[in-house]
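Thanks for asking me to look through this one with you. Here are my notes, set out as numbered points so that you can follow along on screen.

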Amino acid sequence: MKIVSSLLLSSFIGISGILVTPNFSQAQTTHSQKQQTAVISPKTASLFVNLTTDDSWRGAMAIGFAEKVLQQGHPTTIFLNVSAVNLASQKLPQHTNGITGKTLQQMLQEFIAQGGSVLICPSCMKQGGISDNDLIQGVKMGSPQATQSLLFEDNVRVMSW
C-alpha cells in the first residue's frame, strides 16, 4: 500500500511539474532569440592574438592566421609575450618557416606593413635580455592600459598560441 501511495504521489508531482513548467521548446526559442541579438557582426569584430612562443611552427600559425584576418578587414593585434618576445629582437637568430620560406620576424614585419598592430610585453623583454633598441621597426611597447583597452572591447575575439 505504501508503494502504491508513493507511486501515485510521484506521478502526481511529475504531472504537476509538467503542467506548471513553461513549454521547453518555447524556452529554447527564447534563449536562441536572446543569443541572436547578442551576436556581433563579423565585419566589426577585431582579433587579439596572444602569442607566447617563439616556436617557428606555432608562431607561423599565429602570425599567418592574424594576417588572413587582417586582410579580411578586421582590426588585428598580435601581443608578443613570454618567449615570443624573441621574435621581435633583431639581435637573435631567426628560424625560417618551412611553409612560407620566411622568418617569423619577416612575417611580423609584413603583418605590420599591412596595417596590423604588434604589441610586446616589456617585462618579458627584460626577462629575455631584449632592449628597446633591439626591436624590429613597428613593434609597440605594451602596457596594462594598452592591452586591456584592446581585450575589453565589446567586439574583440581572442586567440592564443
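1. Let's begin with the pocket. The largest pocket has a volume of about 240 Å³. Its lining counts 13 residues, and those closest to the centre are Ala60, Asn97, Ile99, Thr100 and Met107. Two elements, α3 and α4, each give two or more residues to this lining. The largest share comes from α3, with six residues. Please keep in mind here, and in every point below, that the model is predicted.

2. Next, have a look at strand β2. How many of its five residues are buried? The answer is five of five, so β2 is mostly covered. Burial holds for both faces of the strand: Thr76, Ile78 and Leu80 lie on one side, Thr77 and Phe79 on the other, and all are buried.

3. What pairs with β2 on the β1 side? Strand β1 covers residues 46-51 and is joined to β2 by five bridges, the two strands running parallel. Within this pairing, Val49 stands opposite Ile78 of β2. Between the two strands the chain passes through helix α3, residues 56-71, and this β-α-β crossover is right-handed. Helix α3 is thus worth a second look, as it also gives six residues to the lining of the largest pocket.

4. Strand β2 has a parallel partner in β3 too, with four bridges joining them. One of the facing pairs is Thr77 and its bridge partner in β3, Ser117. Here the chain goes from β2 through α4 to β3, and this β-α-β crossover is right-handed. Helix α4 spans residues 104-113, and α4 also gives two or more residues to the pocket lining.

5. Ser117 deserves its own point. The residue lies in strand β3, which runs over residues 117-120. Is Ser117 buried or exposed? With a relative accessible area of 15%, Ser117 is under the 20% cut-off and therefore counts as buried. Leaving out residues up to four places away in sequence, Ser117 touches Thr76, Thr77, Ile78, Phe111 and Lys140. Of these, Thr76, Thr77 and Ile78 are among the buried residues of β2.

6. Now for the salt bridges: the count comes to two. In one of them, the side chains of Lys91 and Asp134 meet at 3.8 Å, N to O. This pair links distant parts of the chain, 43 residues apart: Lys91 sits in the loop between β2 and α4, while Asp134 sits in the loop between α5 (122-127) and β4 (139-141). The two ends also differ in burial, as Lys91 is partly exposed at 48% relative accessible area, whereas Asp134 is buried at 14%.

7. The other salt bridge joins Glu110 and Lys102, whose closest N and O atoms are 2.8 Å apart. Glu110 is partly exposed, with a relative accessible area of 30%. Lys102 is partly exposed as well, at 28%.

8. If you check backbone angles, stop at Val82. Its phi is positive, about 55°, although Val82 is not a glycine. Where does Val82 lie? Its place is the loop between β2 (76-80) and α4. A relative accessible area of 48% makes Val82 partly exposed, because the exposed class begins only over 50%.

9. Val82 also leads us to Cys124. Cys124 is in helix α5 and is buried, with a relative accessible area of 16%. Although Cys124 and Val82 are 42 residues apart along the chain, their C-alpha atoms are separated by 5.4 Å. Setting aside neighbours within four places in sequence, the contacts of Cys124 are Asn81, Val82 and Val85.

10. A last stop is Gln106, which belongs to helix α4. Its relative accessibility is 37%, so Gln106 counts as partly exposed. From Gln106 to Ile136 is 30 residues in sequence, and the C-alpha to C-alpha distance is 9.5 Å.

How values were computed: Residues numbered from 1 in each chain as written. Predicted model: local features only at pLDDT ≥ 70, side-chain atom pairs only at ≥ 80, totals over all residues. Heavy atoms only, no water. Buried < 20%, exposed > 50% of the residue type's maximum accessible area, 1.4 Å probe, protein only. Contact = heavy atoms within 4.5 Å. Salt bridge = Lys/Arg side-chain N within 4 Å of Asp/Glu carboxyl O. Pairing = 2+ DSSP bridges. Right-handed = clockwise from strand over helix to strand, strands pointing away. 1 Å grid on protein atoms, 1.4 Å probe; cavity = no way out; pocket = protein on both sides within 12 Å on 5 of 7 lines; lining within 4 Å. Points joined across faces, edges and corners; volume = space filled by probe spheres on them.
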